[in-house]
Amino acid sequence: MTGKRAFWTLVAVSVTIHAAVAFLGCCLVTALVWQFTHHGIGADARSGAAWASATLLTLSTAGAIRSARRLWLGLGAARAVDRQVRAAAVTDAAIHTTARQAGLTARVDVIESAGNFAFTHGLLRPRVTVSSGLMKSATPGELRAVLAHEAEHVRGRDPLRTLVADFLAARHIALPLLRHLRTVVAADRELAADRCAMAHCGVGAVAGALLKAGDTPRWANTAPAAAMGGRELLAARITQLEGTEPPPVRPGHRQVAFTAAGATLHIWAIAGSAWLMSTTPLVCLGGGH
């Protein structure tokens, strides 16, 4: 599955579940109150449906809190990185020529750091940050490869894509396979950025840049960003450099099993909620006795 397909699958699943819950939620709380008031938690068939409805509301509320927290933390981390970069940026006229060649005019910052790193950050207008350490250790060709790689992340607004994928994956606690889709999105974008750099600068320059670029600095780790030197996909990236198709990123067996159980739980909860509302004297879905 490609990153684009994985991203839109993640969006579609999340929107479908959210729409179902929102549609049922218009009267679900009232239906639950009516059920417990008139029937309690007894042997009546509606009691099982009431538990299904309560489960659906619990999953929805917990997911909403979790995703809101993820969004809040992501936005805060993105602002913190922007402030850190602005505070630490130094003037370096030499990089602007290379940046223009990569299509990054006025979008590259250099910060004083002994570490070797480069990453793209910023949500609506992403920018590239390069450390002075990487500029000193990289050859001109390798530096062009770094900027060509990051230029693809800028064009794709990958920090924003990462934040959206994190938000959606966090929304559904019982469906861990959605977290895998977020991983597929990130992997596909890294490989696409490498291909762009290879097309512009050649395999040798990209290979050298991969060897010299390190991980994102600790103060930028929690922000939605895309880095040249991420090590999680190093094997797949080297395989691509060698001219071979990288193996697909596959989910773990536990992710698949837990997601199957979670999907079953969601289906039971939604079906039970719909049945409860159809047997409750409410105007909302036209049901009632």
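**Aromatic rings and a pocket**

Phe117, Phe119 and Trp219 come together as one aromatic cluster. Keep in mind that this is a predicted model, then let's look at what else the rings are up to. Searching the whole structure turns up three aromatic pairs. One of them joins Phe7 and Trp8 in an edge-to-face arrangement, with 5.2 Å from centre to centre and 80° between the planes.

What about burial for these two? Phe7 is buried, since its relative accessible area is 9% and the cut-off for buried is under 20%. Trp8, on the other hand, counts as exposed because its relative accessible area is 53%, and exposed means over 50%. Phe7 has another partner too: the charged end of Arg161 sits over the ring of Phe7, 5.6 Å from the ring's centre.

Now for the empty space. The largest pocket holds about 850 Å³. Its lining is made up of 35 residues, and Thr162, Arg182, Ala186, Ala225 and Glu232 are the closest to the pocket's centre. If you want to trace the walls by element, follow α2 (45-88), α6 (158-171), α7 (177-201) and β5 (226-227), which each give two or more residues to the lining. Which element gives the largest share of that lining? That would be α7, with eight residues.

As for chemistry, the lining of the largest pocket is a mix: 14 of its residues are nonpolar, 13 are charged and eight are polar.

Key:
Residues numbered from 1 in each chain as written. Predicted model: local features only at pLDDT ≥ 70, side-chain atom pairs only at ≥ 80, totals over all residues. Heavy atoms only, no water. 1 Å grid on protein atoms, 1.4 Å probe; cavity = no way out; pocket = protein on both sides within 12 Å on 5 of 7 lines; lining within 4 Å. Points joined across faces, edges and corners; volume = space filled by probe spheres on them. Helix = DSSP H or I, 4+ residues; strand = E, 2+ residues; numbered from the N terminus. Nonpolar A, V, L, I, M, F, W, Y, C, P; charged D, E, K, R; others polar. Phe/Tyr/Trp six-rings, centres within 6.5 Å; stacked < 30°, edge-to-face > 60°. Buried < 20%, exposed > 50% of the residue type's maximum accessible area, 1.4 Å probe, protein only. Lys NZ or Arg CZ within 6 Å of the ring centre and 35° of its normal.
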